[in-house]
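Have your viewer ready and let's take a short walk through the disulfides of this model. At each stop you'll get a selection to make and a few things to look for.

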Amino acid sequence: MHLLQVTTLLLSLLCISRSASEANCDRWQDLDSAVVHKDGQVILAGMFPIHSKGIEQQLDFTSSPGKRRCRGLNLRAFRWTQAMIYFIEEINRDPNLLPNITLGYRIYDTCWLVALSMRTALSVVSQPLKRNSTGACSSPSIPLVIGDSGSTLSMSISRLLNLFSVPLVSYFSSCACLSDKQQFPYFFRTIPSDAYQASAVARLVKHFGWTWVGAMGGDDAYGRTALDTFTAEVTRLGVCVAFRVIIPKVPSQLQLQDIVKTIRESTAHVLVTFATEEDIQPVVEETVRQKVTGKQWVASEAWITSTLISTIYPSLSGTIGFAIRRAEIPGLRTFLHSLQPLAEPYNPSAREFWETQFQCSFDTSTPVGSMADPFQYNRTCTGQEKIEDAETIYNDVSQLRVTYNLHKAVYAVAHALHNLLMCKKEASSTDKQQQCPDIYNLQPWQVIQYLKEVNYTNMFGDAVYFDEHGDPVGSYDVVNWQKGLDGRTPQFVTVGRFDSSLPTEQQLLFYQDSIVWRGGSREVKFLIIHHDCLVVVIDSQN
């Protein structure tokens, strides 16, 4: 059944549910799965993989399926959710941006699952009911969605939201395919398209004289599209690709062994990867287990600043790759430390984080309400434990890159809404007033043109705008993994930059004397002379 048919069927059921629920102003709990929400005159929906994996459901089709369960609390993504709340509250305090308008939020956990992402999208377009001050049932104004974190997720969501002209603004979906306005007319993003990154990586390979490289990508739109673009571009530059590997989403041990066997036996010493942190980690783990050495890793932006991988596997020191630009966001660290696990509005993910981090459980009858199954610890939480005393990925603000993209997304939306609000004021003395949208009763399609026209310079001096494809400028730092002063703790050192807005010859710059390669070498030693370009392809789908 096609997506349009499925969506039509679901919405028909929603219409029936809506008419039945209007008398009670139900929120349709079976559909609306917001983790945390706060009311406002305009609501921003945010989608995040607060948990990294879903738990498979056993469906017998004889009863209503239970709530979808997830596992693996993702501290990085949980930080993003808190950052979105911080940015919204910051905007609400700003007298010059959206004056007299209060933004609210509904934050959802998608668990890296297309099914949950689609459920969230349906929740947004169905606009859960609430009773207003007059006693009538009404819907909050949710004119757009900020999300999702993965390209495959964003593609699925965007196709559904297209049917209702609802814009999607992503902070971390970089697949070049999403620039196609025929398929994704209402998609915008603050992370550069992978078309820039794949081309830049090819130029990096050529710059250092590597002529024989291996390439790997995740089994999703992000990995496959970037791998195809990189292969075409690097081949055009005269470089041979020794092998292409597609990493399965849930690889078996045998598949991992086959992938690492290809890496180990290949004469290519350079490994170029386009994969998420979750996809590349089992491969890295297997190469370490098999004691594979002598390889130079080139990482994509999705894992080049992974504290998790760089800390657990120090043998990857010397890894190089492109990272999205970072920023130091004032006040965010203090806000993260101020988290209260039982405060209102209640955030079950905050409680789960607290109990997991401090290995304790709260003595309360209130159910956790998280997407994950609860765990009972022997120690009781007091709520007075100090987040700042624990060094975690959650409160590590040294590499705010995706978080900075999220900042751009939230503020771009705020500026679009602000310009929409100013339209009404500017037209108040003319006969065009009726053409201005009512911000208190917004329709999603009314926001699209204002998003297209967003153009402002943020507090960090960066110009924020979208081109005709809904994309920002291709801008990256070149990051190199180097050992810290203690000889163990990895550091992410900026050793170059890429900026697509500059003339071609000035776009890519390296601080070559600052680069440390595998084994601690300061010299590029792994040039392999080859005689042909026969490519080994490993793809579980073929």
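Start by selecting Cys 70 and Cys 111: in this predicted model, a disulfide joins the two, with an S to S distance of 2.0 Å. Turn the view to look along the S-S bond, where the angle is 100 degrees and the link is right-handed. Now colour by secondary structure. Cys 70 belongs to strand 4 (residues 70-73), while Cys 111 sits in the loop between strand 5 (103-109) and helix 3 (114-126). The pair therefore links distant parts of the chain, 41 residues apart. Switch on a surface and you'll find both Cys 70 and Cys 111 buried.

Next, select Cys 175 and Cys 177. Their sulfur atoms are 2.2 Å apart and form a disulfide, again a right-handed link, with 130 degrees about the S-S bond. Keep the surface on for this one: is Cys 177 buried or partly exposed? With a relative accessible area of 22%, Cys 177 is partly exposed, because buried requires under 20%. Cys 175, at 1%, is buried.

For the last stop, pick Cys 360 and Cys 381, a disulfide with its sulfur atoms 1.9 Å apart. About the S-S bond you should read 95 degrees, and the link is right-handed. Both cysteines lie in the loop between helix 11 (348-358) and helix 12 (402-426), so this disulfide ties together parts 21 residues apart in sequence. Cys 360 and Cys 381 are both buried.

To explore further, note that a search of the whole structure finds four disulfides, including the link of Cys 70 and Cys 111 where you began.

Key
Residues are numbered from 1 along each chain as its sequence is written. This is a predicted model: local features need pLDDT of at least 70, side-chain atom pairs count only at pLDDT 80 or more; totals for chains, interfaces and linings use all residues. Side-chain values use heavy atoms; hydrogens and water are left out. A disulfide is a pair of cysteine sulfur atoms within 2.5 Å. Helices (H or I, at least four residues) and strands (E, at least two) are DSSP runs, numbered from the N terminus. Buried means under 20% relative accessible area, exposed over 50%, partly exposed in between (1.4 Å probe, protein chains only).
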